[in-house]
Amino acid sequence: MVPQGPRHPSQGHAGGNGSTASLGIVIPALDEEEALPALLLDLARLAIDHRVLVVDGGSWDGTVAAARGGGAEVMRSRPGRARQMNAGAAFLGTRWLLFLHADSRLDDSALRSIATHVQRDVPVAGYFGLAIAHEHVFYRMIEAGQRIRQRLAGLVYGDQGLLIRRDLFAGIGGYPDEPIMEDVVLNRRLLETGQLVPLPGTLTTSSRRYEEEGRVRALFRNMRTITRFLSGTDPSLLARRYRPRRAHGIGARRTAREAGPESATLLVFAKAPRPGTVKTRLARTIGNEQATALYRRMGRQIVANVRPAPARMVVCYDPPGGEAEIRHWLGDALHLCWPQGSGDLGTRMSRMVERAFSDSDRVVVVGTDTPAVGADTVTRAFAALDTADIVIGPARDGGYYLIGLQGPHPDLFAGIRWSTGSVLAETRKRTERLGLSVTWLEMEGDIDTADDLTPEIMSWLRSGERGTGSRASL
């Protein structure tokens, strides 16, 4: 949404806060308000500078509040543990990554191992020994069986954590987008190349699945799943018998608003598609006519994609006299079109947001140059506003493609250096100064230059169908 300058190598993908932390900790979560606080207390004892990101897959309980209370940042992503972990890794942008399950605990030896391994900076990933937080002898048998499977079959689970350098994580393609066994698949790839080693220390995981499902029943279900996986069964088939866990009773506490805001406005910022005024940096490579044609196609498709979102949609257009062009371009069926008015981008955004809040209790703003944005993105943004003052969709070039608000907050837009790679960092500092809580969405890519025209984007544009968005870069 926000026009950006060229990305500088020093910026990377650090989530816009200028952090110098070398370690980013990613915790995928779904209804984990009970387990999270203990893990976050453990991580607070870590002796090296680090960032903790809880990637929420759509919790209905107090997971987000627990994460914030423990000092973690929060992201709201598409559900699915692999997607959540990949999204968190892309956002944090740190040299080292540590993936942990929310019901894990780390002993002092594991915490020391993390700090030592990161400081040594060797390009080898590590995992921990597994313990289960229950005194019954049944769980000592489970632990012993895991040590045998680990040694003989190369089965290392996500319950054992993964400490890995970013370049190695990117080199193997991150976690495969599978509904189950994504951690085992990635770890086996590392083991096959000798790039995964055990680290001193123990990671203790909860026994809750065994206790809730029944110990023996859960044991045989796990054994059957492992056997079928090793025999080559597709993980999507295995997942049918391994349903995602939700805390008991949580579903009954879901509110009506979470199914769709009652008074919400979606503002779509658009410029009249005139050659020489849109996608000017892209035009330097492919020419004004082609750049404008691409912008037209992209705008039409994005507006069609976001239309089903549970909100009143308003197209905010520029220049002031361009409504006829906008309606001809995006369709006469548009219910509302508002002129952005004069001033820089921040002034215009603030003006439109304030107008929208005259009869809305939450507002989301998007642009017309991020193909990954659709109704699902907008819906998650509105839902995330249940537990945050501000929702931001960070762009890979240092800007943002979406911002959602529970109030006007004009200071968020004033004095920002638009069209630079510092927009996101400046906005983040502004939220901190104003004391506003922020939830992040997945990092996505704007189409600003020829380098942004990935094969996925070109395929999406040619097909005329809504793309799923290119995978977040690592």
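Here are some exercises on a predicted model, each with a worked solution.

**Before you start**

This is a predicted model, in which local features need pLDDT of at least 70, side-chain atom pairs count only at pLDDT 80 or more, and totals for chains, interfaces and linings use all residues. Residues are numbered from 1 along each chain as its sequence is written, and side-chain values use heavy atoms, with hydrogens and water left out.

**Exercise 1. The chain as a whole**

Describe the protein chain by its helices and strands, its burial, its contacts and its accessible area.

*Solution.*
- Step 1: The protein chain holds 17 helices and 15 strands. Both are DSSP runs numbered from the N terminus: helices are H or I with at least four residues, strands are E with at least two.
- Step 2: Of the 474 residues, 55% are buried. Buried stands for under 20% relative accessible area, exposed for over 50%, and partly exposed for in between (1.4 Å probe, protein chains only).
- Step 3: Take the contacts between residues at least 6 apart in sequence: 74% of them join residues at least 24 apart. Contact here means heavy atoms within 4.5 Å.
- Step 4: The chain exposes about 19,800 Å², with 52% of it supplied by carbon and sulfur atoms. Accessible areas come from the Shrake-Rupley method with a 1.4 Å probe; for residues, only the protein chains shown count as cover.

**Exercise 2. Helix α3**

Work out how the span of α3 relates to the expected one, and how many of its residues are buried.

*Solution.*
- Step 1: Helix α3 covers residues 81-92, which is 12 residues.
- Step 2: From first C-alpha to last, α3 reaches 17 Å, close to the 16 Å expected at 1.5 Å a residue. The expected span is 1.5 Å times one less than the number of residues.
- Step 3: Because 10 of its 12 residues are buried, α3 is largely enclosed by the rest of the structure. Among them are M85, N86, F91 and L92.
- Step 4: Just after α3 comes G93, with a positive phi near 65 degrees.

**Exercise 3. Two buried side chains and their partners**

Find the polar partner of E182 and that of T439, then list some of the residues each one touches.

*Solution.*
- Step 1: E182 sits in helix α7 (residues 182-192) and counts as buried because its relative accessibility is 2%.
- Step 2: The E182 side chain makes a polar contact of 3.0 Å with the side chain of R81. A polar contact is a pair of N or O atoms within 3.5 Å; within protein, one must be able to donate a hydrogen and the other to accept it, and residues adjacent in sequence count only if both atoms are side-chain atoms.
- Step 3: Leaving out residues up to four places away in sequence, E182 touches residues including A82, M85 and Y175.
- Step 4: T439 lies in strand β15 (residues 438-440), and it too is buried, at 2% relative accessibility.
- Step 5: The side chains of T439 and R68 are joined by a polar contact of 2.7 Å. With residues up to four places away in sequence left out, T439 touches residues including V74, A384 and I392.

**Exercise 4. Salt bridges across the chain**

Locate the salt bridges of R78, K279 and R380, and say which residues share one network.

*Solution.*
- Step 1: The whole structure has 29 salt bridges. Each is a side-chain nitrogen of Lys or Arg within 4 Å of a carboxyl oxygen of Asp or Glu.
- Step 2: R78 pairs with E444, their closest N and O atoms being 3.6 Å apart. This pair links distant parts of the chain, 366 residues apart: R78 is in the loop between β3 (73-76) and α3, and E444 in the loop between β15 and α17 (455-463).
- Step 3: D369 and K279 form a salt bridge of 3.1 Å, N to O. These two are 90 residues apart. D369 is buried at 8% relative accessibility, and K279 is buried at 12%.
- Step 4: E442 forms a salt bridge with R380, with the closest N and O atoms 2.7 Å apart. E442 is in the loop between β15 and α17, R380 is in helix α15, and they are 62 residues apart.
- Step 5: Salt bridges that share partners join R78, D376, R380, E442 and E444 into one network.
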